[in-house]
Every structure is written in structure tokens, then in C-alpha cells.
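Colleague: I'm new to reading models, so could you walk me through this one feature at a time?

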Amino acid sequence: MTYKELIAQMTLEEKASLMSGKDFWQTKDIKRLGINSMFLADGPHGIRRQQVAADQLGLNAGLPATCYPTASTVANSWNTELGEKVGDYLGEEAVAQRVHVLLGPGINMKRNPLCGRNFEYFSEDPYHAGKMAASYIRGIQSHGISACVKHFAVNNQEERRMSIDTIVDERTLREIYLTAFEIAVKEGRTKTIMSSYNRLNGEYTNENKHLMKDILRDEWHYNGVVVTNWGGSNDRIAGLLAGNELEMPTTAGQTDQDIIDAINSGEIEEKVLDECVDRLLTLIYSTNDVFERPYKKEVDIERHHRVAQKVAEESIVLLKNEDNLLPLKFGKKVAVIGDFASEARYQGAGSSIVNPTILDHTMACFEESGIVSIGYEQGFERYGKKNRELINKACSLAKKADVVFLYIGLDEVTEAEGLDRKSMKIPANQVALLDALYEVNQSIVAILSCGSAVEMPWIHKVKGLLHGYLGGQAGARAILRVLSGDVNPSGKLAETYPFSYEDTPSYHHFPGDEASVEYREAMYIGYRYYDTANIDVLFPFGYGLSYTTFDYSNLQVDREGVTFELTNTGDMAGMEIAQLYVGCQSKEIFRAKKELKGFKKIFINAGETKTVVIPFDDKAFRYFNVETNQWEIEEADYNIMIGASIADIRLKETIFVQGTGAPFPYHKDQLPSYFSGQANDVSQEEFEVLFGKSVPIAKWDRHQPLGYTDTIEQCQYAKGVVGRLTYYTITFAHWFLWKIGKRNTANLIMMSIYHMPFRGIARLTGGIVNMPMLDGILMMVNGHFFKGLRHVFRERRKKIKKANSHSS
Ligand code: BGC
């Protein structure tokens, strides 16, 4: 232990006090021992530091900060140096705002395109997400503060995120859902990890010893801190035993008392607490260091804005460019149409919301772009229905133009924390506008703004398609610079775009049933499924166009890695993202046909050739063997493929790789879907073979009274009228608020009330309601109204008396 002597000076109460927050964002201090508190703040693409956490829920706006493109956007740059730069700038701003722990990046896998927080995550591929995350972390932590990768782990949906039990087999867990975290820990050396709200195979992740101890601590040798997601702590003692150092936000000392009681009663040994305190102190001291010396309190807002623009420029993806319509030829007259051109869509909703320092909007940046605009028309209302009048006006303008720039996408409340999207479509009123425009002008370039994959049955009606994702506060200007040709687009998709939602591998098992979600597709998420099962997609993983062309040649493969040449065969300097895929030729262990094992982004001048080297690393040939319970290598011939995307392999070689000699863990005849790769609708029986046991019952047990871990949503079958009434009131309030256009508030109700487990009432109210009072509430909900009410009042009196006796 590093702080053994200091810990020896602490009372049990002091030690326990450090294990939970002081308020919504800060940890506790112990002044007499010189232990300072830390400030934790979101987030992943900009600092959201609240001046005061006045609203208990931490929802009021943050201080102004640069809003960088979201992770799903920067992911398209495939540039880890750029990722490090974003981290560096985030870190600088965090220090200026006196933030010790920055709550990001978010690195969950994009299992399904509808996950409401996909805009905050990097990729459907763990290697890609892990490398990008490690680069962010390096950048952030270069300032002495801590990053915090989240949400550990298998938090791949927002629906019922605080209660859902994720059922996933061990190999898939390791290869798909944990690898990005492993890279973040081992290569990024993150000092903090946030546990997720959900359960993993029956246990809350925060209490899951297999995840938190066997894997995180013992295998990955992680020595940092685990913080709960806000209000995500369930059983504090189980959490402590699994190594959870910090519960956030404050519980007004309630759970500190649980720890004290557990130690006093002998339920746990004091040394378990000491170890957690030691790791927390390490974080406190290491992140406080920077603030002990003079540090920069001001940031150059303009410079940071320009960096945000550069990051957006490198992340934009050109998806279609018929007749080389782009870059726009000099003197072409452009009609600018679409609500998003006047009010940029640049970030998602929820805890990651940044209050930007500056905000670029397309129309304001047009003049400097050199593109000749003949006018702007709104065309559609962001939250409205099809509007004939707006469409007519847009068509009149389009008729006069050479080219139409059509700004479409998803609105702010559709991509939000706490809720999943309902479909992969863009709103019908936008498609109606496109249909009408197509009748009058067929030179349409669509500019798409959204943070996740959408269906595009309308794609044949546009000649050009530029995907800006969610480009942050300077995204609008960045897009214009690509359209004008000032910037050659170099982004490539870090997720697949299927033709339709029904094609997605988790279509039948998302977001699961009432109590659990089964990951029956196993490792076949994203391209691993489409490519292996030969399903045609709209845009494959790793796809993106440039204004120039690249030629790949001279592949050489040896034990260390690959070397090849890349030539810019066009007439414009540009950047290419070359991707290394590996596929095993043996069929003894089922796998995806190709898996990403390396990538490089290279700048090449027109006509120039560069040699590219991509080394193999420890992940190139490994797979997780469930028999030996460790990573193994199968002895076999492997295809080594260099591609411009997963579907565009340019160079290929075969090498033989010596194996580790582990026994094959599967019987092919028992797992036909997995061996064929057709894993989009696996039967329960087959999944159970893979999973190694029966899956739990996926429905709520409606005969049981509601308890701490049941959600408010479950009040629909509560025994007490009060419970059912609560349910209907909330459902009505949501419906009503949505109807009158208060969509954000309606969403908030879903996120922070509807899906909240009862214990959240105590965990997230900063002590206003304590657990004994919650017992009373549960009695009321479960049909004992008066008894429950009396209980609530009695416990409230006790609480007040105790508080008074402490203060006197
Ligand atoms: C989110 C986290 C976030 C935390 C603090 C939670 O609801 O899931 O990502 O960091 O709130 O705002």
C-alpha cells in the first residue's frame, strides 16, 4: 500500500467517508489530514462543469467550454494522434476549470444502431474503439488529471439501463465487449473507470467480482479507481468487496454507515476498505498535484475552436459523389435548404451536453467558403410534420440553382441518453422534402447530421452525400470547407450502415425483454456479422471516399507485421486510412471472416508513394478459449488482408502462425449458427449451449412485491393503488409533455423516473429520502398505504433528529 501510514492515522469513519461523494460532483475531503476533495465532471467531448450542483440531479448547464465533435464523429478520423490532441485540449480545459476527473471517453460497443448513446461511443469494433480511447486518455492524462472510461461494461442500450441483465457468453464478453476497455487500461493507462448501471449475467457490474476482480484487477493489473455511474450503486458492501472505491453522487453518509456497520459486525475485514482507500488516495494525490502549482486558468477560446474545426474536418465522411459533383466547381449557384443549415445540429443530449464557447452555423460561414449561395430555405420543421408551404418555397429556390445543398439529419432529442431510438429512419417530413426537391433539381448534395447509423432508402435521389456526424461547435464550418474543396475528406465509417434495421444482427434481441437482454448474436456484431454472413450493406465498415484515389501495392508480411506501399494516384493531396484485417483459415473455432487488427492514416501528396508499416500486436491472432479460460492462438494459416474498407480488400497474403496448443472448445454440430456466421436469430437452445447454462427468465415476476431493485415502470403491476397511480401519472405526464413539444422534459421523465430503480430514490436525492424512508414508500406501493406513510414520517423524524444531534 502506498499510503499505509496515512491510512493508519484515519478513523474508520474517515476512511468510510471517502467511499462516496460529498455532493453531486465532488468527493469528500479530510482537512485535518490534508486530504483534498476532487471534482469530477462530464465529459467525453467537452467539459460540463456545473458552477453549482443546485438541482441535485446535476442537470443545469455547465460553464462554457469547447464542444468538440462527439466520439462517434472523431472515430471516423481513425487518427489516434488526432484523438490524443482532442484529449490534450480537453485536459487543458479541464485543468482550467479545476476538474480532477474527466468523465470520458465512453467506449461501449455499438451493438445495435438504435442505442441512444451511440453518438457518444466510437465503434462497433473493439480494437478501433480501444485504440481511439487510449489516445484520448493519453491526451487528457498528460495534464496530470484523470480520464474516466465508461461504462464498464456491456452497457449497449439505454432502455432499462439501470436494471437490465445482460446475458452474454464469456468469449463474446472478452473479445467484443471488454477488449476496448482492456486497451484503455493497458495502453491508455486510465486512472479511473466508471462501472455501468446494468447487470452482467445476473450481477450488477459494480458488484460483479468476475468482471471487477478476476478480469480488471487480476488479469489487467488495474490499480486505478472504479467509480459507480451516478446513482448506480446497489449494494455498497458487495461493491466494496468487488473493489469499488467511489460511489457517486453523495448519499449523505448513508452508505458510508453501511460500510462502518459491515466492518464492525465482522461481515467484511477492514483491510478491504483500506485497500480501496489507498487506491482512492493515489488518485486524489496524483490529480491534485497539478493544482498545487501555478496552473493555467484561462484557455484560448479561439484556438480551441479552431482545433475543434480541424478535428471535425478530419472526421467528415464523404459517402457518395456521383459525377464528381464535389468539390463544388467554381461559380456554381447553390440553394441551401434544410433547418439544420440555419441551426446546426452538433451534439447529442444527456449528461454529455456541452455549453459551447462559440457556435458556427452554416449560413453564417457561407460567404468565407467561396461557394455562391443564392439563398436559404428552411424546407422542414425540425420537430414538425410535412409542411407543404415550406416545401414549395424550397422547391422554388431549388429550381433556380445549379446544385442543392440539403441539410438533413436527426434532431437533438432523438439521440439522447436514457432512451434508444425508435427506428433507423430520418423524419418523414425531411424525406418528403427530398422527394419534392428531386422533382425540380436532380443535383442534390445531402449533408447529414446525426451521431449514429440511419437507413437511406432515399439515397438514389442524391448525387452527393456528406456525413458530418455530430461535428461539435465548429462542425458547420468544417463541412463547408469539405464541400468547397478546401479540405479533402478523409473520414471513414467506424460502423456499418445496413440497408434496413431488420438486417442488423441483434434485431430480434434488442433491447431485450423486461428483465434481461440476450446477446444471442454473440461475437457477430457489426461487420463481423454482415461480412461473415454475406449480407449486403449500404455502407460497409471502414468506408469513405476522398477527392483523390489511392493505389495499394507490394504487400510483405512477416512475423512482426505488414509492410506495403500506398500511392496517391489522383491530383490532390489527401489522407488514406489503410486497414489491416486478419482471418483464420481453420474452421475449428468459429470466428468472423475478417477482424480489424490494425490501421493507419497516412497523408500523401498527389503522385507520391509512401511505405506503410502496421505491426502485429498481442491481439492479432488471439481468441478467448472457454476451456482453458485464457487467450490462446490457434495454429493455422491466416489471411492477412489490407483494405480500404472491410469490403474493399486491396492486398492479401497468407501466413502460418504457431498455436498455443489449447483444446478446441466447441462441438460444431451443437453450434451451427455460430459456425456458419448466420447468427441473427439463434435459438435459445443453441445460445444456451454457447452460454454454458440456461438463460434466466426474461420476464418480471409479477407475483412478487416490488423491492429496491425494481423500477418505477414496474409499478404498473404494483399491488397498491398508489403504485399503479404513480405509473399512470408518469406515463401520462410523459405523453402530455411530448405532445406539447416539451420533448427534453418528457425524455428526462423516462430517464430519471420511469426507468429508475426504487433504490435510486435514495441514491440520487442526496439524502432527502433515505433507505428506511424508502422502505415506507415501498410499503405504500405494495398495498400498505397507511402503514407505509406512517413509516415514512417516522423515519423522516428520526433522520431530522439525528441530523440535529450531529449539528449541536
Ligand atoms: C451517465 C454518465 C455520466 C454521469 C454523470 C450518468 O447518468 O450515464 O455517463 O458521466 O451521469 O453525469
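Colleague: Let me start with one residue: is Y581 buried or exposed?

Modeller: Y581 is buried, because its relative accessible area is 0%. Buried means under 20% relative accessible area, exposed means over 50%, and partly exposed is in between (1.4 Å probe, protein chains only). Before we go on, keep in mind that this is a predicted model: local features need pLDDT of at least 70, side-chain atom pairs count only at pLDDT 80 or more, and totals for chains, interfaces and linings use all residues. Residues are numbered from 1 along each chain as its sequence is written, and side-chain values use heavy atoms, with hydrogens and water left out.

Colleague: Okay, now rings. How many aromatic pairs does a search of the whole structure find?

Modeller: The search turns up 35 aromatic pairs. Rings of Phe, Tyr and Trp (its six-membered ring) pair if their centres lie within 6.5 Å; planes under 30 degrees apart are stacked, over 60 edge-to-face, and the rest tilted.

Colleague: Can we try one? Why is the pair F152 and F181 called edge-to-face?

Modeller: Look at the angle: the planes of F152 and F181 stand at 65°, with the ring centres 4.9 Å apart, so the pair is edge-to-face. This pair links distant parts of the chain, since F152 sits in strand 3 (residues 146-152) and F181 in helix 6 (residues 170-186), 29 residues apart. Helices (H or I, at least four residues) and strands (E, at least two) are DSSP runs, numbered from the N terminus. Both F152 and F181 are buried.

Colleague: And Y581 from earlier: what angle lies between the planes of Y527 and Y581?

Modeller: It's 80°, with 6.1 Å centre to centre, and Y527 and Y581 make an edge-to-face pair. Y527 lies in helix 17 (residues 527-532) and Y581 in strand 20 (residues 574-584), so this pair ties together parts that are 54 residues apart in sequence. Y527 counts as buried because its relative accessibility is 1%. Zoom out a bit and you'll see a cluster, where ring pairs link W78, Y127, Y527, F541, Y581 and F599.

Colleague: What about charges and rings? Which residue lies over the face of W631?

Modeller: That's R622, at 3.4 Å from the ring centre of W631. A charge sits over a ring if NZ of Lys or CZ of Arg is within 6 Å of the ring centre and within 35 degrees of the ring normal. Then there's R759, whose charged end sits over the ring of Y204, 4.9 Å from its centre.

Colleague: Next, salt bridges. How many does the structure hold?

Modeller: Side chains of opposite charge can pair when their charged atoms come close. Here, there are 59 salt bridges. For a salt bridge, a side-chain nitrogen of Lys or Arg must be within 4 Å of a carboxyl oxygen of Asp or Glu. Try R117 and E120, whose side chains meet at 2.7 Å, N to O. R117 is buried, with a relative accessible area of 1%, and E120 is buried at 0%.

Colleague: Which residue does E417 form a salt bridge with?

Modeller: Its partner is R161, and the closest N and O atoms of E417 and R161 are 3.1 Å apart. E417 lies in the loop between strand 12 (403-409) and helix 15 (428-440), and R161 in the loop between strand 3 and strand 4 (165-167), so the pair ties together parts that are 256 residues apart in sequence. E417 counts as buried at 8% relative accessibility, and R161 counts as buried at 7%. A network of salt bridges links R117, E120, E158, R161 and E417.

Colleague: Where is K492, the one that pairs with E576?

Modeller: First find the bridge: the side chains of K492 and E576 meet at 3.1 Å, N to O. K492 is in the loop between helix 16 (475-484) and strand 15 (497-498), while E576 is in strand 20, 84 residues apart. K492 is buried, and so is E576.

Colleague: Last one, helix sides. Which residues of helix 13 are buried?

Modeller: In helix 13 (residues 362-369), the buried ones are T362, C365, F366 and S369. They cover an arc of only 130° around the axis, which puts them on the same side of helix 13. That arc is taken from the directions from the helix axis to the C-beta atoms. Turn to the face away from the buried side of helix 13 and you'll find the exposed residues A364, E367 and E368.
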